[in-house]
Amino acid sequence: CNHFFGSFVFSATAHKMAEAKPAASPPAADAAPAKTEKKEKTYRGHYKDKHQRLKRMFRQRRSGVRDNVRLFQPGIFTGYKRSRKHQDEKIALVQIKGVKIRGDTRFYLGKRVAFVYKGKTKRRHARAAQAPEKCINRYRAIWGKVIMAHGKSGMVRCRFHPNLPSTAIGRKVRVYLYPSSI
């Protein structure tokens, strides 16, 4: 059977002969065993099998490429506990992100809360003896604790020492996940 491509005519037998490879000579007895070929990447850089993909992922983890881990849940200081005529500055009301009902506040009872702010001047901190060059900065924190739920919409009451300033209303606080009861 002959095939016509443009001005060239190929026969089926000539085509088969062109594809045939010369036979390899048998390996010598003292020769090293043949190495297995590495898995090749596909056109998008993905590995063909799952094992190679997992090895690559763990190699990246060992090299220091990691995701950022947040150790707190953000919240907003919404104001002080108050009635119609009086307000109590000792107790701050905080709305924690993701907490929408009273039952969800049970997990956060007793957790530490921090209001982090930037002061006017640089100041030495408590751990200055361990690393003096890192512990002189303008960032400060007022610490408190979640004491109970407030209402049915997921708000919590917190007690800070010293009390939060009124300029902090509407600003973010950090609700840390310790001390843990689980």
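Phe107, Leu177 and Ile182 together make a nonpolar surface patch of about 340 Å², where a patch joins nonpolar side chains (Val, Leu, Ile, Met, Phe, Trp, Tyr) within 5 Å, or like charges within 9 Å, among residues with over 30% relative accessible area and no salt bridge, that is, no side-chain nitrogen of Lys or Arg within 4 Å of a carboxyl oxygen of Asp or Glu. Areas come from the Shrake-Rupley method with a 1.4 Å probe, and for residues only the protein chains shown count as cover. The model is predicted, with local features needing pLDDT of at least 70 and side-chain atom pairs pLDDT 80 or more, while totals for chains, interfaces and linings use all residues. Residues are numbered from 1 along each chain as its sequence is written, and side-chain values use heavy atoms, leaving out hydrogens and water.

Within the patch, Ile182 has a relative accessible area of 84% and is therefore exposed (over 50%; buried is under 20%, partly exposed in between). Lys111 lies over the face of Phe107, 4.6 Å from the ring centre (NZ of Lys or CZ of Arg within 6 Å of the centre and within 35 degrees of the ring normal).

Turning to ring contacts, the whole structure holds 6 aromatic pairs (Phe, Tyr or six-membered Trp ring centres within 6.5 Å; stacked under 30 degrees between planes, edge-to-face over 60, the rest tilted). Phe77 and Tyr80 pair edge-to-face at 5.5 Å and 70 degrees, and both Phe77 and Tyr80 are buried. Phe115 and Tyr117 are stacked, at 5.8 Å and 15 degrees; Phe115 counts as buried because its relative accessibility is 2%, whereas Tyr117, at 26%, is partly exposed. Phe72, Trp143, Tyr176 and Tyr178 form one aromatic cluster.

Definitions and conventions
Buried means under 20% relative accessible area, exposed over 50%, partly exposed in between (1.4 Å probe, protein chains only).
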